[in-house]
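The report below works through ring contacts, confidence, burial and backbone details of one protein chain. It is best read with the coordinates open alongside.

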Amino acid sequence: MSSALISRRDLLWQYGGGLGGVALASLCDRELAANSGSTFAVTGARANRGVLDVLHVPPKATRVVQFFMAGAASHIDLYDHKPELEKRNGQPWDPGEKVELFQNGHGATFAPPWKWNSYGECGKELSEISAPLGSVVDEVAFIHNLVGKTGVHSSATLLQATGFQMPGFPGMGAWVSYGLGSMNDNLPTFVVMPDHRGFPSNGQKNWDSAFLPALHQGTLIRPGAVNPIEDLFPIEGLVSKEADSAGLSVMNRLNRLHAESRTGDSRLEARIKSYELAARMQLAAPEALDITNEPQHILRMYGLDQGGGEFPKEINVPEETDIFGRKCLIARRLLERGVRFVQIWSGCDNGFPRRNWDSHEDVPRDHGPLALGMSRGAAALIADLKQRGMLEDTIIHWTTEFGRMPCAQGGLGRDHNPFVFTNWLAGGGIKGGTTYGESDEWGYKPLDRANPTQVYDIHATMLHLLGIDHTRLTLRHNGIDRRLTDVHGHVIQEILA
């Protein structure tokens, strides 16, 4: 190799080697930046610096947790109480207009199988399966007039996750990472915790960086798995640590040489930085994911006192509580350590027996365990963040791809309803104990059809709370200045504190 190609980092590689050398190189880079007197050094040298040196508006929040219920959770069974459904339960359902369904003809009016009660000072009504959220409902703002554009799972999921119905656009977490960058050097900026049973519709397209630099894509973590972060450590008994480090050293050096002649391709730079981050994660990630030293009262609050081990084959409350609560507790630990955006998924793509929110056949069977597990974990996270002084600058966002119909499908199921559904927000800058927008008496469409809420409005509001004007965080791609909110969206001022 020509000596002209030997850089300071190459020298460190030759003498440090492997992931240890990568970590040393990264530390030297940060030390150099810190001593340079640059604006970057003043704001703190980071492994991933965002493009926004100056925020557009004063931020109320610095980080986000996003809950995504894959398969379409039923708003009228969880949060949006409709007494008219109870009054007319079993009677023919006729909203006075042509009904568009995803599958077959609609059945009779179908009341939720659970009772409703009011909670908190705000008096918000919740069903029995979302009752655990009652303890924190005064921190939550519900939006009941959200509308989608399609009843197809894949397109609708992409719309809520990326702001577009077709693949090829960055997930919201990638946009936030691109704009704000990292708050830590040792863990990813954007973490995704999928359902342990599999991916949702579209898989990683929901959290991909697309045309943004590749380093902003979501990093998968699977709490509770034998190997929560794939490929972080060499396989024991197959590859030695020394051989793994040597192989990574050679590959990284070749990658850098290759990248020097191909400027503008973010994929190689992202891969190089991923090796540097992996070196630091080998120390930081195991500690962040280890909940064994958490106090018993915290484990109990998250529902992690269910016994673990073997669960029944059928979908059940203890298993869903353990799984979702574990993700929520890990999310809190990641936020404490500087992760910017955590996305938690509940439910995977279609399969039988069904383990997602797509309850065409049996709403009580599916929604009961899923909702009770989700509600307990989400309530615990909100309460835990609040007691630690972290809720005030953390946005919690609950979403799904669309809602479900007020009429029965096959007796106990509900078909897709993209015409109205619910989101809720809590935390940094959100006015808790509020409800914005209403659905009609059936929970079929918005009460005010001329002024619904769209996903662009949710995204615009969340970016605003992070200090970002959603119209100004853009990247030019194929001749178009692309942004998360496309050409739409407004900040929902009514739910801001």
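In this predicted model, the structure holds 15 aromatic pairs. One of them joins Tyr79 and Trp398 in an edge-to-face arrangement, with 5.0 Å from centre to centre and 90° between the planes. The two partners come from distant parts of the chain, since Tyr79 sits in the loop between α4 (75-78) and α5 (83-87), while Trp398 belongs to strand β8 (residues 394-400), 319 residues apart. Tyr79 has a relative accessibility of 1% and therefore counts as buried, and Trp398, at 1% relative accessibility, counts as buried because the cut-off for that class is under 20%.

A stacked pair is formed by Phe164 and Phe169, whose ring centres are 3.8 Å apart and whose planes differ by 5°. Phe164 and Phe169 are both buried. Ring pairs also connect Phe164 and Phe169 with Trp175, Tyr178 and Phe211, giving a cluster.

Two lysines lie over the faces of phenylalanine rings, as listed here.

| Lysine | Ring | Distance to ring centre |
|---|---|---|
| Lys124 | Phe142 | 4.7 Å |
| Lys445 | Phe419 | 5.1 Å |

**Confidence**

How far the coordinates can be read depends on the region in view. The mean pLDDT of the protein chain is 87, and 85% of the residues reach 70 or more. Residues 1-6, by contrast, stay under 50 in pLDDT, and the model gives them eight contacts beyond four places in sequence. Residues 8-46 also have a pLDDT below 50, and this stretch has 57 contacts in the model beyond near neighbours in sequence.

**Overall architecture and cores**

The secondary structure of the protein chain comprises 13 helices and 14 strands. Of its 497 residues, 55% are buried, and the chain exposes about 20,600 Å², of which carbon and sulfur atoms supply 51%. Among contacts between residues at least 6 apart in sequence, 78% join residues that are at least 24 apart.

Which residues touch the most other members of the largest nonpolar core? In this set of 60 residues, they are Phe67, Leu334, Ile396 and Trp424. Helix α12 (residues 363-387) gives the most to this core, contributing 10 residues. Another core lies apart from it and has 45 residues, including Val64, Phe190, Leu212 and Ile468.

The surroundings of Trp424 connect several of the residues already named. When neighbours within four places in sequence are left aside, the contacts of Trp424 include Phe67 and Ile396, along with both members of the edge-to-face pair, Tyr79 and Trp398. Phe142, the ring beneath Lys124, is likewise in contact with Trp424. The remaining contacts of Trp424 are Leu133, Val140, Ala141, Ala378, Ile382 and His397.

**Helix α6 and the loop after it**

Helix α6 (residues 153-162) is largely enclosed by the rest of the structure, because eight of its 10 residues are buried. The buried positions are His153, Ala156, Thr157, Leu158, Leu159, Gln160, Ala161 and Thr162. Gly163 follows α6 and has a positive phi, near 90°.

Is Gln165, in the loop between α6 and α7 (172-180), buried or partly exposed? With a relative accessibility of 30%, Gln165 counts as partly exposed, because that class runs from 20% to 50%. Gln165 and Ser155 are 10 residues apart along the chain, yet their C-alpha atoms are separated by 4.7 Å. Ser155 is also one of the contacts of Gln165 once neighbours within four places in sequence are set aside; the others are Lys149, Thr150, Leu158 and Leu159. Of these, Leu158 and Leu159 are among the buried residues of α6.

**Positive phi between β5 and β6**

The loop between β5 (190-193) and β6 (219-220) contains Asn202, and Ala210 lies in the loop between β5 and β6 as well. Asn202 is a residue other than glycine with a positive phi, near 80°. Ala210, likewise a residue other than glycine, has a positive phi near 50°. At 29% relative accessibility, Ala210 counts as partly exposed.

Notes: Residues numbered from 1 in each chain as written. Predicted model: local features only at pLDDT ≥ 70, side-chain atom pairs only at ≥ 80, totals over all residues. Heavy atoms only, no water. Phe/Tyr/Trp six-rings, centres within 6.5 Å; stacked < 30°, edge-to-face > 60°. Helix = DSSP H or I, 4+ residues; strand = E, 2+ residues; numbered from the N terminus. Buried < 20%, exposed > 50% of the residue type's maximum accessible area, 1.4 Å probe, protein only. Lys NZ or Arg CZ within 6 Å of the ring centre and 35° of its normal. pLDDT = per-residue confidence, 0-100. Contact = heavy atoms within 4.5 Å. Areas by Shrake-Rupley, 256 points an atom, 1.4 Å probe, with all protein chains shown as cover. Core = buried A, V, L, I, M, F, W, Y, C linked by side-chain atoms within 4.5 Å.
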